Amino acid sequence: MKEIDELNIPEDAKYTKDHEWAKIEGDTAVIGINDYAQDQLGEVVFVELPEIGDSFEKGDEFGTVESVKAVSEIYMPLSGEVIELNNALEDNPEFVNSDPYGDGWIIKVKPADVSEMDQLMDKTAYLAMLKG
Amino acid sequence: MANEFKTTPLNGWHRQQGANMADFGGYDMPLWYETGVKKEHLAVLESAGIFDTTHMACVMVNGKDALKLLQLCHTRDLTGLDQGRCVYGAVLEDNGHVIDDAIVYKFNDTDYMVCVNAGMGGAIADHLNSNKKNLSVDIDDLTDRLGKMDIQGKNSAVILSQLIKDPEKVFDKMPYFSFKGHFDKSSSLSSEVRLKDGDIPVLLSRSGYTGEFGFEIFIDPQFIVKLWEDILKAGEKYNIMACGLGARDSLRAGAVLPLSHQDIGHWKFTNHPWMFALPFNEDQTGFTKDFIGKDALLDSKSAKFTFPFAGENLRKVMAGDDSQVIDKNGNTIGKVLTCATDMGISWYDGKILSVASPDLPEDFKAKGISCGFVLVDKKLDYGEKLTLQEGKRKIKVIVLSDIRPDRTARKKLSNFL
């Protein structure tokens, strides 16, 4: 496992206590799991995605990430409607490990309330939470 | 983290290679290396992989009554066991529950070795000591004084033949569950298998925990890092890989091998896929010898059933006390003991095929299948469908007698030279 100071936690995303990340790009929010989550899970072999058009509340489970070692639910960092899925994960689930903030993104949503982003942790707060 | 747990002599190597480490049986062990579990798993099915198994423990049992004591404490009838052979069985409590599973090695009529799981050397030595009473036996727990590594996969013998003296002689007449040599240079057997470099004696056992062809190697711990590195070098052109406990777990699950204290444990050691480990008489009505746990096993009351299963695809549930096994009538009948994904197999036309299966269809792709064991209250039929549930998550599985096809462990050694 990585030490906390070895984690890649970009400044331009926001984080949940369950280790998802969200980032606003124009009108949409891009969502995935962060470097800590992928490191804990180990090699991801399957990502169960929701359907386009599904609506979720902040905190709702919207999919699962399955590694060789474990199965982990993923939760919505903010409320919204799913407008795009990362279908590349079907053949290349390992993108979640190799590039969690890039090719390993999971869904894009149309946020119901962008101000929910303010309730998420920034890098400093997230790392402080990990350090306990 | 490393400071809280015991380490093997290979710990520095694992960490230097960036292995993902975790506690296993009180030892800081690699789960996987940077290559990842999937590639490690496939390396063993397609070529060869090596595993650090020095965390396992061996107990030497010597003396004129060694056989008597082992007959009492191990589930196999060892009277017919030949020198140079080993057998798999279990060490039980009076109530038929498992203390640990154990492979017994026979050096000669008075000298045996019992190989058990990580951290179990002390418990097994204590159990043997407390049952020896007036028997003339010496028990020596070699925990942390013996090195062990496994090489598994079809290229294991070819790779080892570069490193041992007289490989043709060593590999001649070496069936599954036989062994040659000794790690102790004072043993007369130690001349049988020697490493070319340094003339180091090893005990080479044709066994393992992956279901694939290969060997377990027992060696003085001071030489194991060099042997490990030499094997990796000799196996380079075969794409040999160092493998962690993750690949070991998924390989053994597909091979229908139990993990002690998970698939066998604090319940009666019966009604499971490993009935060969019990000393049944020919008509299966009783046992051929007396042993600790025998009466409890003959009394079928409260005995549960263990069955292997395979999922529809690679999706798993987390095994353990929070899991439920639900039968076709919707009744909860037990729990999941192990659920791992064998990444080398896939369903194809209603059958499971492996990357190592002969004549694979061109469009075959190993996508992985979840598999493992359930512990249930009633006897099930092979082919029966079950639902496994853990929290909100459910997967559909089928009860099968075997999982990964075309395994190589039992094939003749000459096929692999």
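The following dialogue examines a predicted model and the grounds for several terms applied to it.

Student: What makes B:Lys148 and B:Glu216 a salt bridge?

Tutor: The rule asks for a side-chain nitrogen of Lys or Arg within 4 Å of a carboxyl oxygen of Asp or Glu. The side chains of B:Lys148 and B:Glu216 meet at 2.6 Å, N to O, and therefore the pair satisfies the rule. Side chains of opposite charge can pair when their charged atoms come close.

Student: Which parts of the chain does this pair link?

Tutor: B:Lys148 lies in strand β9 of chain B and B:Glu216 in strand β12 of chain B, 68 residues apart, so that distant parts of the chain are linked. Over all chains, the structure holds 33 salt bridges.

Student: How do you know that β9 and β12 of chain B pair as strands?

Tutor: At least two bridges between two strands are required. Strand β9 (residues 147-152) and strand β12 (residues 214-219) of chain B have six, in the antiparallel sense; the criterion is therefore met. As one example of a bridge, B:Ile151 has B:Phe215 in β12(B) as its partner.

Student: Why are β10 and β13 of chain B called edge strands?

Tutor: The open sheet has six strands in the order β10-β11-β12-β9-β3-β13 (chain B), with mixed pairing. Strands β10 (179-181) and β13 (241-243) of chain B each pair on one side only. Neighbouring strands of this sheet are turned by 20 degrees against each other on average, direction ignored.

Student: Which strands does helix α2 of chain B touch when it packs on the sheet?

Tutor: Contact requires heavy atoms within 4.5 Å. Helix α2 (residues 37-46) of chain B touches β3 (49-52), β9 and β13 of chain B, and its direction makes about 115 degrees with that of β13(B).

Student: What makes β6(A) and β7(A) a hairpin?

Tutor: Strand β6 (residues 61-67) and strand β7 (residues 71-75) of chain A run antiparallel and are joined by five bridges, with three residues between the two strands. Since two bridges suffice for pairing, the strands are therefore paired. Within this hairpin, A:Val65 stands opposite A:Ser72 in β7(A).

Student: What describes the interface of domain 1 and domain 2 of chain B?

Tutor: Domain 1 (11-54 + 146-252) and domain 2 (57-141) come from the domain assignment of chain B, and 24 Å separate their centres, taken over C-alpha atoms. The contact takes 18 residues from domain 1 and 15 residues from domain 2 of chain B. These domains bury about 1200 Å² between them, 74% of it on carbon and sulfur atoms. In domain 1 of chain B, B:Phe177, B:Phe179 and B:Phe218 lose the most area to domain 2, together 45% of what that side buries. The count of salt bridges between the two domains is zero, whereas three residue pairs are in polar contact.

Student: How many salt bridges cross the interface of chain B and chain A?

Tutor: The rule finds four. In one of them, the side chains of A:Glu48 and B:Arg315 meet at 3.1 Å, N to O; the limit is 4 Å, and the pair therefore qualifies. On the side of chain B that touches chain A, β1 (20-24), β2 (27-32) and α2 of chain B each supply at least two residues. The area buried between the chains is about 1400 Å², of which carbon and sulfur atoms give 56%.

Terms used:
Residues numbered from 1 in each chain as written. Chains lettered and ligands numbered in written order. Predicted model: local features only at pLDDT ≥ 70, side-chain atom pairs only at ≥ 80, totals over all residues. Heavy atoms only, no water. Helix = DSSP H or I, 4+ residues; strand = E, 2+ residues; numbered from the N terminus. Axes fitted to C-alpha atoms, helices over the stretch in contact; angles between N-to-C directions. Domains from an automatic or database assignment. Buried area = accessible area lost by both parts, 1.4 Å probe. Polar contact = N/O pair within 3.5 Å; in protein donor to acceptor, adjacent residues only side chain to side chain.
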